[in-house]
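Good morning, and thank you for coming. I should like to take you through one structure, part by part. Please look at the sequence and the structure as they are shown here.

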Amino acid sequence: MEDQECNALDIVDCHAHIASEEHTPMSFVEGSVANMVAAVSAQGVPVTAKKLTALFMSKMQDPLCDALVAEMDEANIRKTILLVPDFTYTLKDCRLTIEESYHKHREVLHRHTGRFEVFGGIDPRWGKDGLELFERSLLDFGFRGLKLYPPCGYSPSDRSLFPYYELCAYHHVPVLLHMGPTSPVLDFNFASPFLVDEAARLFPSVNFILAHGAVSFVEECIMMCRFRPNVYLDISGFQATLGYDPAATAVKRVVSVGLNHKVMFGTDFPVFRLQGTQRDFVEVVTAEAGPLADLNDREKSLVLHQNIARLLETGVSVAA
Amino acid sequence: MELDANFDERIMGLIASGVAGKFKKVKITGGTSLQKELGLDSIGMLSLVFRFEELFEVDIAQMGIEINVAKLKTVEDLIGAARDIVGKAQVAKES
């Protein structure tokens with residue numbers, strides 16, 4: 001039955017990354033692994049950070065996204081949005097400059113025609129150069145949105161981002177922002193959804209997507225979506241909750257509050273590759289008794305592909 | 001390739017050692033769900049893998065074996081995967 005459900009649906013994954021250490025600095029990974037080492041050690045298991053890091057990195061060897069496309073096919077995911085978080089200003093062990101990272105993403109776009117869109121990330125502290133690169137990403141690289149990672153050390157409503165939002169308004173592309181705690185090498189003070197409020201109010205024609213809205217600050221994300229017409233959320237990272245909540249109750253919560261025109265499916269590939277494949281994660285969400293079980297077909301379509309497709313097609317903020 | 005006659009019991013013992021709190025009262029059988037009935041989350045599963053490696057003196061990553069944790073739903077699934085890994089390790093040792 002799960003197979004039939006999986007095959008019958010049109011699915012767009014609105015939140016994923018290239019699985020390669022070229023785009024994710026080791027300091028970021030090692031920070032996340034430190035939390036895992038603490039949790040595993042607490043169970044009396046002798047494990048080293050080196051071993052866990054090696055295990056995680058074994059799943060980060062897909063720079064051209066060939067394995068991801070195979071997993072998308074198996075999971076019936078028609079298209080995936082690849083996000084390029086810009087860690088290069090804050091974390092100094094990045095292998096590539098952000099411009100080099102953009103080039104690698106463009107290569108993937110060309111290699112797998114029609115399977116991906118890319119949202120380019122920029123740390124606003126790169127100033128004029130960053131702004132020019134972001135506009136080039138839209139005009140020359142074919143990217144379709146802006147990715148921001150506020151825990152790198154800036155508020156999403158910081159004035160330095162306004163020129164970016166003006167560009168987003170002009171080119172009708174959305175902004176997707178990381179929400180909630182992340183690798184401990186970064187600053188959680190900037191991870192709150194309410195920090196997006198001023199930007200969303202001042203730029204009503206720009207659509208803002210709160211990433212991980214069913215994982216961190218769930219009620220705050222719901223409030224923002226309910227009261228700001230141009231704010232949306234994605235459920236990526238829901239896999240983090242499956243250990244203690246196999247029924248994905250938080251996902252069920254965000255699709256049960258009358259906001260299904262604002263909720264988007266996402267996986268955060270490759271973060272959870274040790275836990276399963278894209279197909280496994282699609283099955284959790286679309287299972288007969290899964291978190292979308294009470295939605296009608298139209299609502300399921302909105303969550304699984306139509307909401308993100310609408311933002312990519314029209315760009316402009318349209319109350320659904 | 002013959003495995004230890006008590007192999008399944010050893011794996012069940014391993015699982016039991018990683019089960020916490022309220023789940024300790026659950027009777028472990030082949031059909032017991034690792035996640036829903038024994039509360040083994042991703043960290044619990046990871047710990048189980050490391051305990052397994054220690055007990056049987058194997059290094060799964062070094063053997064080039066990929067484990068899809070999402071497919072390990074029941075105790076029986078885990079025993080099957082463990083049999084496979086230990087079997088391969090024995091073959092590698094003897095060759």
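**Domains, a helix pair and the second chain**

Let me begin with chain A, which is divided into domain 1 (2-24 + 62-314) and domain 2 (27-59); such bounds come from an automatic or database domain assignment. This is a predicted model, in which local features need pLDDT of at least 70 and side-chain atom pairs count only at pLDDT 80 or more, while totals for chains, interfaces and linings use all residues. Residues are numbered from 1 along each chain as its sequence is written, and chains are lettered from A and ligands numbered from 1 in the order in which they are written.

Taken over C-alpha atoms, the centres of domain 1 and domain 2 of chain A are 25 Å apart. Between these domains, 12 residues of domain 1 are in contact with 11 residues of domain 2; contact requires C-beta atoms, placed from the backbone, to lie within 7 Å. On the domain 1 side we find 7 nonpolar, 2 polar and 3 charged residues. Here Ala, Val, Leu, Ile, Met, Phe, Trp, Tyr, Cys and Pro count as nonpolar, Asp, Glu, Lys and Arg as charged, and the others, Gly among them, as polar.

I turn now to chain B. How many helices and strands are there in chain B? There are 3 helices and 0 strands, where helices (H or I, at least four residues) and strands (E, at least two) are DSSP runs, numbered from the N terminus. The pattern along the sequence of chain B is α-α-α. Chain B is as compact as a globular protein of its length, because its radius of gyration is 13 Å, close to the 12 Å that the globule rule gives for 95 residues. That radius is taken over C-alpha atoms, and the rule is 2.2 Å times the number of residues to the power 0.38. Along its principal axes, the C-alpha trace of chain B spans about 45 × 25 × 20 Å. Among contacts in chain B between residues at least 6 apart in sequence, 65% join residues at least 24 apart.

Finally, the two chains together. Their contact takes 14 residues from chain B and 17 residues from chain A. On the chain B side, helix α2 (residues 42-56) gives the largest share, 6 residues. That side of chain B divides into 6 nonpolar, 5 polar and 3 charged residues.

Technical notes
Contact = placed C-beta atoms within 7 Å.
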